[in-house]
Amino acid sequence: MALQQIVEETVTGLGYDLVEIERTAGGLLRITIDLPWAPPVEGQPVPLLEQFITVEDCERVTRQLQFALEVDGADYKRLEVSSPGIDRLLRHEQDFIRFEGQEVDLTLKEAIGEAATGSINANRKKFRGTLERAEGGGWQIVWSDAPPIKPGVRVSKKREAPPLQALGFTFDELREARLAPIVNFKGRAAKPE
């Protein structure tokens, strides 16, 4: 059996989602797991607190993987099982649906080039903004290049909102998409309905 298949069957068999498998030159095998997610059902209340991976979850998966990998004779020196963290990698369509409306960091494979308007550098590949559904059915990131307002600074109600920019993208154009690592000790805010 291939390593990917062994790990995927073991992780999903225990009731978790496999986010990423990473091998390093030093023999480290890093497995990232998350709890399964299903879109909210219309008419059902949205849970206020999202469940997260615990140390016990990682330990459970580690023990099972050590056994499964030993049986199949997989070559690794050290196994590390962890949660996705606050800068979670977005890989699948379901990840984008789950985190729609959240702030993300997006890196394109190639610079936007001719698609750039006068206000965006044509060599730009990295963007931070809100992940949204595009009108055409794909995905877009919406951001403002205005500097953030510092805490404690008074803002006039007459002040115009900074202009927003949007960039539509396909999964083929992405090098990487991650949740923006926003540290908020009260947790990520629930999605507005």
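# Report on a predicted protein chain

Of the 193 residues of the protein chain, 31% count as buried, where buried means under 20% relative accessible area, exposed over 50% and partly exposed in between, with a 1.4 Å probe and protein chains only. The model is predicted, so local features need pLDDT of at least 70 and side-chain atom pairs count only at pLDDT 80 or more, while totals for chains, interfaces and linings use all residues. Residues are numbered from 1 along each chain as its sequence is written, and side-chain values use heavy atoms, with hydrogens and water left out.

## Overall layout

The protein chain has three helices and eight strands. Helices (H or I, at least four residues) and strands (E, at least two) are DSSP runs, numbered from the N terminus. In sequence order the pattern is α-β-β-α-β-α-β-β-β-β-β. Contact means heavy atoms within 4.5 Å. Among contacts between residues at least 6 apart in sequence, 60% join residues at least 24 apart.

## Strand β6 and its partners

Strand β6 covers residues 139-143, and Q140 is found in it. Five of the five residues of β6 are buried, so the strand is largely enclosed by the rest of the structure. Its side chains point two ways: W139, I141 and W143 to one side, Q140 and V142 to the other.

Two strands pair if DSSP finds at least two bridges between them. Strand β5 (residues 126-133) is joined to β6 by four bridges, and the two run antiparallel. They form a hairpin with five residues between them, and G137 in the turn has a positive phi of about 105°. On the other strand pairing, five bridges join β6 to β7, again with the strands antiparallel.

Three pairs of facing residues are listed here.

| Residue in β6 | Residue opposite or bridge partner |
|---|---|
| W139 | R133 |
| Q140 | G168 in β7 |
| V142 | A166 in β7 |

Q140 has a relative accessible area of 18%, and is therefore buried. Leaving aside neighbours within four places in sequence, Q140 is in contact with T130, L131, E132, R133, A134, A166, L167, G168 and F169.

The side chains of β7 alternate as well. Q165, L167 and F169 point to one face and are buried, while A166 and G168 point to the other face and are not buried.

## Aromatic rings

Rings of Phe, Tyr and Trp (its six-membered ring) pair if their centres lie within 6.5 Å; planes under 30 degrees apart count as stacked, over 60 as edge-to-face and the rest as tilted. The whole structure holds four aromatic pairs. One of them is F96 with W139, a tilted pair at 5.8 Å centre to centre and 45° between the planes. This pair links distant parts of the chain, since F96 lies in helix α3 and W139 in strand β6, 43 residues apart. Both F96 and W139 are buried.

F96 also pairs with F169: the ring centres are 6.2 Å apart and the planes stand at 50°, so this pair is tilted. Here too distant parts of the chain are linked, with F96 in helix α3 and F169 in strand β7 (residues 165-169), 73 residues apart. F96 and F169 are both buried. F96, W139, F169 and F171 form one aromatic cluster.

## The second largest pocket

Rolling a probe the size of a water molecule over the atoms shows where empty space is left. On a 1 Å grid over the protein atoms alone, a cavity is a set of points where a 1.4 Å probe fits but cannot get out, and a pocket is an open set with protein on both sides within 12 Å along at least five of seven lines; lining residues have an atom within 4 Å of a point. Grid points are joined across faces, edges and corners, and a volume is the space filled by probe spheres set on the points.

The second largest pocket holds about 340 Å³ of space. Its lining has 15 residues, and D17, L18, V19, H92 and D95 lie nearest the centre. The elements that give two or more residues to this lining are α1 (3-13), β1 (17-23) and α3 (93-98). Strand β1 gives the most, with five residues. By class the lining has four nonpolar, four polar and seven charged residues. Ala, Val, Leu, Ile, Met, Phe, Trp, Tyr, Cys and Pro count as nonpolar, Asp, Glu, Lys and Arg as charged, and the others, Gly among them, as polar.
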